[in-house]
Amino acid sequence: MSDNNMSRIKNKQNNQQKKKKNNKGKKKKAWFKRIFLTLIGLFLLALVAGGSLFAYYASSTPELTEEDLLGSFSSDLLDSNGDVFYTLGAETRDFAEADEYPEVMKEAMTAIEDQNFYNHFGIDPIGIGRAAFGYVTNLGEISGGGSTITQQLVKLAVFSTARSDQTLKRKAQEAWLAIKLERQLSKEQILTLYMNKIPMAGNVYGISTASEEYYGKPVEELELHEAALFAGMAQAPNRYNPYVNPEEALNRRNVVLNVMRDNGDITAEEAETAKAIPIEEGLVERSDSSLNSQMFDSYLVEVLEEVEEKTGLNPATAGLTIQTNIDMDAQQAAFDIANSEEYVNFPDDELQTAISLVDVNTGQVKALVGGRKQEGQLLTNRTTNTDRQTGSTIKPLTTYGPAIEYNKFSTYHQLVDEEWSYPDGTSLRNYDGNYVGQLSMREALVDSRNVPTARLFAEEVDRADATEFVENLGLDTSLMSKEGGLVDSNAISGTASPLQMASAYSAFANGGNYTEPYTVSKVTTQDGQEIDLTPETNQAMSDYTAYMITDMLKDVATNYNSSVGIPGVPQAGKTGTTNYTSVEIEEHNLPSYAVPDSWYIGYTSNYSLSVWTGYDKKYEEGHWLSNNDGTRQLPRDIYQALMSQVSEGLDNSDWTKPSSVSEVSVEDGSDPAQLPGPNTPESEIVTELFVAGTEPSEISTTYGEDLTAPTGLSAQFDEESNEIAINWDEYTLENEDEDVTYLLSVNGEEISLAETEYTVSEPDSGNVQISLSVQAYGNTGPAATTSVTVPEPEEEEPEEESDVVPEEPAEEEEENSDEDVEDTPDDPEENSDNPSESEDTEDNNSNNNESNNDDNSSNPPSDDSNTNTDQDEE
């Protein structure tokens, strides 16, 4: 082949390769172009869809009036008698003009709340996008920010601030109104309106008002560190309240100062100088009105949250009339008990308590104390906190209630208290470190024994049943353990708030009905519209469950009568104590006897009262409870002090047993329960409660057949030997393995024998009464009786002395005399004092029963004086 041909072939191959490369490049470019155009299309589509949705939402936006921006209406709170006890809102708001706010206040506010305030047109597109993304990824709930100061002003003026109302629709409407507002007002006007309107903790609104309340001076005199504090409080006024949480307020203030420094509003030196000023510096003492409102502050916190959550209205600005359920006498009593030394001996001012009083028949919350020795307003309300364990107060809810409701167990149902571990191998102990063996469900609950309770929960109670029972009583099982849902340890402890526990126990008190606890019955708007906030009442359990749990918990109250007893007031209750873990004890060097939480929840036919005590910082030195100093008893002391006051003048009736419950006497120790046999000792008979239709019918044979009087009883007196011989027939039992003992009584002197004969030596003369009974199975049968007469002994006459000496007879005569004398039998009359034997088997049951009871009185008494320290958890 020529060189020319070779060249043509190579050129052709090179051209083909180049063509292939060019085609690949064109295809690649086309693919990228398609992707780009698709993305552009999707973006435009999303933009159009988003714009359409925004326009749709904006079309229903309410009007923003000058009254909304400038005015607000106070709300009146009424107590249970209909009297106004608190006014919330406008009267504690001072409006300041723009020129009254110092520049440092404006800089601090915009630096921390909206750094782009002077540049945007009412909304921050990036922030809106972030909020929209959060809405999509959080399934319809706004999770991020994005609000400008203008939007926040709109929200305060028109919309609810409740988190549940932060929807995409609401955000769109806020944005639309913010854009409109920016066209109508200047930036300075908007910022001034915002600073006049924001809540500043408690009943204080607006920075001008806060300046007077916190520092006692007009707003124009605010210094850098004070302005930074107020700007920081805007995000969460109660959390950053310097009176209540000085440490958090300090940290937040310093964050604002750092941001101002980074923005160039202040120098680094000015920031450090301001940060060096103590947070408490310049703060004035609270006013008398603030001190007075502290008495019902915890209740007020719950009222405001409840109204806003259920109505979406802001009580501070909406001009509402709020009918609450607060009993001012009960509230005052609860506050005084918690904050004075008149009723209870508190060890120090740091120990905290939570007190929740609920009407068991309506579910209305009558009094709340969420802490003691607190300063400030709208403070932490520990009655609704769920970060502490309940201890044994949970046992009736998770374990014993479901066991009765679904399994129809009786209060006698037998359990076993012995060494045991959870299914995962974790060991468990009782509060006293001991085991008592077989015991009834009543005994296990009343003595608060952990092991039989946990075994009942793990082995006999269906977990689904327990979950349903607990949730019917308003408890969230997903929060009761770290794992979420009920776990094995929830048999003896769990996580629930004091208010939830008081309401759950109310269902036991009223026969099984549960009503969600509520502080507000009705809200009336400014235009006269009434909003009923009374929740529905639902049957949470059967009346037999409520009554049987109550009957057992009455025994607990009886055991603690010295600390919780109230004369004339039937009541039931349960103690609860939690423990530090072994790791906590070692890590924080805690004493072995220390516990972090102590509870008592008790109820009458009128009220349910839950009391918790403990320290917020439970690992600090001395911040624990113990029996050594009596602090573990404090919940019972608080309970007795308050319940005795609120029960005065009421009909404190006892609970009536419903027809669904049967009261049955059973033989103690029988398993399953059996009725007492004819010979079951009284000391071995207990009375317990059974769900009607489940009563035991089998009669116990533990103590054998009915005993009868022995037969063949006879007694004979032998004058020569001076003895009484007593004999009787052998007694035969149906149970050959049971031993027979004979109880012989001779003139009242008792002798216990195994033989069928007995000899009385040298008896006293006269009529001797003899009775004989059989003893078997721990009982004594009826007696057979007889009697014998023992004659008086004859006295020998003394021989008379004579002066005549008789002649000696002849030897022959003597011999004849001996031969002639015959033996003469004794005169039968001489035996007349030895009557013929007699037998008397007359049934003397009534007399002998009394004797039997006395004979058995030596049985050890049952220990009803258990001192339940109720230390439940490891």
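Here are two short exercises on a predicted model, each with a worked solution.

**Exercise 1: two helices**

Work out how helix α8 and helix α9 pack: at what angle, and which residues make the contact?

Solution:
- Start with the general idea: a packed pair of helices is described by the angle between the axes and the distance between them.
- Now find the pair. Helix α8 covers residues 207-215 and helix α9 covers residues 224-233. Their axes sit 11 Å apart, at an angle of about 120°.
- Next, name that angle. Values of 65 to 115 degrees count as roughly perpendicular and those over 145 as roughly antiparallel, with oblique for what falls between. So α8 and α9 are oblique to each other.
- Check the handedness: α8 and α9 cross in a right-handed way.
- Then list who touches whom. From α8 come I207, A210, S211, Y214 and Y215, while α9 brings E226, L229, F230 and M233.
- Finally, sort the residues of this α8 and α9 contact: seven are nonpolar, one is polar and one is charged.

**Exercise 2: a sheet**

Find the order of the four strands in the open sheet, and say which strands lie at its edges.

Solution:
- Walk across the sheet: the order is β20-β19-β22-β23, with antiparallel pairing.
- Look for strands that pair on one side only: these are the edge strands, β20 (749-753) and β23 (779-790).
- Take the twist: on average, neighbouring strands of this sheet are turned by 20° against each other, ignoring direction.
- Zoom in on one pair. Strand β19 (residues 741-746) and strand β22 (residues 766-776) run antiparallel and are joined by six bridges.
- Pick out one residue: T741 has Q775 of β22 as its bridge partner.

Note on methods:
Residues numbered from 1 in each chain as written. Predicted model: local features only at pLDDT ≥ 70, side-chain atom pairs only at ≥ 80, totals over all residues. Heavy atoms only, no water. Pairing = 2+ DSSP bridges. Axes fitted to C-alpha atoms, helices over the stretch in contact; angles between N-to-C directions. Parallel < 35°, antiparallel > 145°, perpendicular 65-115°, else oblique. Left-handed = near helix turned anticlockwise from the far one by under 90°. Contact = heavy atoms within 4.5 Å. Nonpolar A, V, L, I, M, F, W, Y, C, P; charged D, E, K, R; others polar.
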